[in-house]
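Open the model in your viewer and keep the sequence panel in sight. The tour moves from one selection to the next.

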Amino acid sequence: MKISEVKELLNQDNISEEILNELKKDERSGVQKLLVSYEKKQEKKLFYKKEYEKKSFYENKCYNNGCKYICGIDEVGRGPLAGPVVAAAVILKQDSYFEGLNDSKKLSEKKREELYEQIKKEAVAYAICEVDNIEIEKNNIYNAARIAMQRAVEKLEVKPDFLLIDAMPFENYPIPNFSMVKGDEKSVSIAAASVIAKVYRDNLMKEYAKKYPHYDFENNAGYGTKKHLEGLKEYGVTPIHRRDFEPIKSMIQGGKNE
């Protein structure tokens with residue numbers, strides 16, 4: 001075979017051992033380099049598969065206890081100075097597999113976007129909820145995050161049997177649940193929710209950047225970066241800024257309004 005034909009062949013998955021053994025006998029350096037690349041790719045795929053199985057521990061435990069619909073819940077946006085806190089609730093199929101799924105903060109933007117579309121397409125159900133800066137000021141950020149998470153569950157078209165939640169206890173909640181610290185690293189359902197919530201919120205802040213162009217929202221998602229703080233100093237506070245967060249609180253008290 002030509003090198004180009006070998007490359008096309010090795011772009012496929014599940015190549016038989018017989019074919020691989022034949023290619024290993026090929027002394028051309030180009031073929032050997034393609035084989036090394038192929039083997040690394042397969043090792044990476046195996047690693048992702050094992051990681052996914054490890055992060056399915058809590059889901060499998062629920063399935064074994066008779067649950068059918070397990071919902072992962074996560075939120076993003078507690079720390080920014082502007083914009084809403086956003087929560088997502090996701091119910092995955094029992095046999096689902098999303099290669100490379102992880103805590104959304106550990107993924108590249110490109111990978112998050114890919115997973116975002118894939119999860120939305122293949123999930124049993126998903127829901128997203130925003131709680132804006134006005135409600136954050138009214139309830140404080142911790143309670144606002146819980147409100148967003150619970151509303152996301154209530155918006156689901158399929159009622160879950162069990163909830164897996166990232167670091168937020170749902171005490172006296174009508175649906176059985178379990179909260180865990182760093183849940184987006186330990187549960188595939190929570191990781192899926194973290195991807196949905198983060199991509200949705202990042203895209204939302206990019207839209208806000210068009211309306212309020214002086215704060216670099218398209219790059220900082222509302223967090224207090226240098227450019228964001230410079231924008232606040234020069235242009236003041238926008239309607240989406242959180243007035244109980246510093247330095248905005250002090251700016252308003254000092255007369256630096258919208």
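Is glutamate 99 buried, exposed or partly exposed? Select it and turn on the surface. Glutamate 99 is partly exposed, because its relative accessible area is 27%. Bear in mind throughout that this is a predicted model.

**Stop 1: the partner of glutamate 99**

Add lysine 45 to the selection. Its side chain meets that of glutamate 99 in a salt bridge, at 3.4 Å from N to O. Now trace the backbone between the two. Lysine 45 is in helix α3, residues 29–54. Glutamate 99 is in the loop between β2 (85–91) and α5. The pair links distant parts of the chain, 54 residues apart. Lysine 45 has 24% relative accessibility, so it counts as partly exposed.

**Stop 2: a second link from the loop**

Select lysine 106 and glutamate 185. They form a salt bridge, and the closest N and O atoms are 3.1 Å apart. Lysine 106 lies in the loop between β2 and α5, while glutamate 185 lies in helix α8 (residues 183–186), so the pair ties together parts that are 79 residues apart in sequence. Colour both by accessibility. Lysine 106 is exposed, with a relative accessible area of 52%. Glutamate 185 counts as partly exposed at 28%.

Next, show Asp103, Lys105 and Asp184 together. These three are linked in a network of salt bridges.

**Stop 3: a salt bridge at lysine 25**

Go to lysine 25 and glutamate 22. Their closest N and O atoms are 3.4 Å apart, and the two form a salt bridge. Lysine 25 has 59% relative accessibility, so it counts as exposed. Glutamate 22 is partly exposed, with a relative accessible area of 49%. How many salt bridges are there by this rule? The count comes to 13.

**Stop 4: arginine 112**

Select arginine 112 in helix α5, residues 109–122. Which side chain of opposite charge is nearest to arginine 112? It is aspartate 202, 4.0 Å away. Arginine 112 is buried yet has no salt bridge. Look instead at the backbone oxygen of serine 104: the side chain of arginine 112 reaches this atom at 3.1 Å.

Now show the contacts of arginine 112, leaving aside neighbours within four places in sequence. They are Ser104, Leu107, Val195, Lys198, Val199 and Asp202. Two of these contacts make good next selections.

**Stop 5: leucine 107**

Leucine 107 is found in the loop between β2 and α5. At 12% relative accessibility, leucine 107 counts as buried. Not counting residues up to four places away in sequence, leucine 107 touches Gly100, Asn102, Arg112, Leu115 and Val195. Draw a distance from leucine 107 to valine 195. Their C-alpha atoms are separated by 9.0 Å, with their places 88 residues apart along the chain.

**Stop 6: lysine 198**

Move to helix α9, residues 188–211, which holds lysine 198. What does lysine 198 touch, not counting residues up to four places away in sequence? The list is Val76, Ser104 and Arg112. For a longer line across the view, add tyrosine 69. The C-alpha atoms of lysine 198 and tyrosine 69 are separated by 23 Å. The two are 129 residues apart along the chain.**Stop 7: the aromatic rings**

Show the aromatic side chains as sticks. The structure holds seven aromatic pairs. One of them joins phenylalanine 57 and tyrosine 58. Their ring centres are 5.2 Å apart and their planes stand at 85°, so the pair is edge-to-face. Phenylalanine 57 counts as partly exposed, at 48% relative accessibility. Tyrosine 58 also counts as partly exposed, at 25%.

Compare tyrosine 215 and phenylalanine 217. Here the ring centres are 5.4 Å apart and the planes are at 15°, so the pair is stacked. Tyrosine 215 is buried, with a relative accessible area of 4%. Phenylalanine 217 counts as buried at 1%.

Go back to Phe57 and Tyr58, then add Phe178. The three form one aromatic cluster.

**Last stop: a charge over a ring**

Select lysine 49 and tyrosine 97. What sits over the ring of tyrosine 97? The charged end of lysine 49 does, 4.0 Å from the ring centre.

Notes: Residues numbered from 1 in each chain as written. Predicted model: local features only at pLDDT ≥ 70, side-chain atom pairs only at ≥ 80, totals over all residues. Heavy atoms only, no water. Phe/Tyr/Trp six-rings, centres within 6.5 Å; stacked < 30°, edge-to-face > 60°. Buried < 20%, exposed > 50% of the residue type's maximum accessible area, 1.4 Å probe, protein only. Lys NZ or Arg CZ within 6 Å of the ring centre and 35° of its normal. Helix = DSSP H or I, 4+ residues; strand = E, 2+ residues; numbered from the N terminus. Lys, Arg positive; Asp, Glu negative; His and termini not counted. Polar contact = N/O pair within 3.5 Å; in protein donor to acceptor, adjacent residues only side chain to side chain. Contact = heavy atoms within 4.5 Å.
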